[in-house]
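Welcome, and thank you for taking a look at this chain. Please keep the sequence and the 3D view side by side as you read.

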Amino acid sequence: MPGLVLDVCVVHRLRPDPGAVGVTAIDKQPVTGPVKAGPYGLYADVQADRKHHGGLDKAVYAYAAEDAEYWSGELSRPTPPGWFGENLRVSGLDVSGARIGDRWRIGERLVVEVTGPRIPCQTFARWVGGADERGWVKRFLQAGRPGAYLRVVDAGPVAAGDAIDLIARVDGASTVAEALVPG
């Protein structure tokens, strides 16, 4: 059974952030209709800190609805689409269990390759709740539910409702979760 794109999210607005860049683009929200995905990510999306986010190997960030539901229970609050700064909220696909190098076809034309885990940072910790969620980075790491960064192999549109099919598996490669915490 294929996975499913539930939501496509792009930056809603840049927000002030006390980090080195001064702003963050973590505030992502769902959009309607198809969005073009190209080598540097989704049309109308941005990354404020391009040293650590974005680029060819981090063009799109996918997060599983099942993992978001886990965190919603852990944090006793909703974790709506885009809350993790993700571009794609997906279902029916073990995103953190995907292998580095796996390729997925999303919809008719878009092909992406799994490149690695999202490494949580202090901007993410502040977004999640700052002092209210002390130890967030460590907690997120230990849960082993990082979501996956994707490289766009073949550009194309992506929309909510698109099927996600595994089209190439890299047997023996580390999973996204294993790459997060080697060992």
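A good place to begin is a strand contact: G116 has Y149, in strand 11, as its bridge partner. The model is a predicted one, so please read everything below in that light.

**Strands 9, 10 and 11**

The contact at G116 belongs to a pairing in which strand 10 and strand 11 (residues 148-154) run antiparallel over six bridges. Strand 10 also pairs with strand 9 (residues 103-106), again in the antiparallel sense, over four bridges. In that second pairing, W104 stands opposite V112 of strand 10. Strands 9 and 10 form a hairpin with three residues between the strands, and G107 takes a positive phi near 70° there. How much of strand 10 is buried? Seven of the eight residues in this strand (residues 110-117) are buried, leaving the strand mostly covered.

**The nonpolar cores**

The largest nonpolar core holds 26 residues, and those touching the most other members are L42, L88, V95, W104, I106, L150 and V158. Two or more residues of this core come from each of strand 1, strand 5 (35-38), strand 7, strand 8, strand 9, strand 10 and strand 11. Another core, of 15 residues, lies apart from it and includes I26, W71, L75 and F84.

L88 is a handy residue to centre your view on. Setting aside neighbours within four places in sequence, L88 is in contact with V5, D7, V8, V60, Y61, A62, Y63, I106, L150 and V158.

**Two helices, each with a buried side**

Let us turn to helix 1 (65-75). Its buried residues are A65, D67, A68, W71 and L75. These residues lie on the same side of helix 1 because they cover an arc of only 155° around the axis. On the other side of helix 1, E69 and G73 are exposed. The cover over the buried residues of helix 1 includes strand 1 (3-11), strand 7, strand 8 (88-91) and helix 3.

Helix 3 (residues 136-143) can be read in a similar way, with W136, V137 and F140 buried. The arc they cover around the axis is only 100°, so they sit on the same side of helix 3. K138 and Q142 are exposed on the face turned away from the buried side of helix 3. Among the elements covering the buried residues of helix 3 are strand 7 (60-64), helix 1 and helix 2 (122-128). Helix 1 and helix 3 therefore each appear in the cover of the other's buried residues.

**Positive phi values**

Which residue just after helix 3 takes a positive phi? That residue is G144, with a phi of about 65°. Most residues other than glycine have a negative phi. With that in mind, A44 and S76 are worth a look. A44 is not a glycine, yet its phi is positive, near 80°; A44 lies in the loop between strand 6 (41-42) and strand 7. S76, likewise not a glycine, has a positive phi of about 55°. S76 comes just after helix 1, in the loop between helix 1 and strand 8.

**Accessibility of selected residues**

The table gathers a few residues discussed in this report.

| Residue | Relative accessible area | Class |
|---|---|---|
| C9 | 0% | buried |
| T175 | 10% | buried |
| C121 | 22% | partly exposed |
| A44 | 52% | exposed |
| S76 | 68% | exposed |

T175 sits in the loop between strand 13 (163-168) and helix 4 (176-180). Why does T175 count as buried? Its relative accessible area is 10%, and the cut-off for buried is under 20%. Leaving out neighbours within four places in sequence, T175 is in contact with S96, G97, A98, R99 and I100.

**The cysteines**

How many disulfides does a search of the whole structure find? The search finds zero. The cysteine sulfur closest to that of C9 is in C121, at 18 Å, so the two are too far apart for a bond. Seen from C121, the closest cysteine sulfur is in C9, at 18 Å. For comparison, the sulfur atoms of a disulfide would have to be within 2.5 Å.

Note on methods. Residues numbered from 1 in each chain as written. Predicted model: local features only at pLDDT ≥ 70, side-chain atom pairs only at ≥ 80, totals over all residues. Heavy atoms only, no water. Buried < 20%, exposed > 50% of the residue type's maximum accessible area, 1.4 Å probe, protein only. Arc of directions from axis to C-beta. Contact = heavy atoms within 4.5 Å. Pairing = 2+ DSSP bridges. Core = buried A, V, L, I, M, F, W, Y, C linked by side-chain atoms within 4.5 Å.
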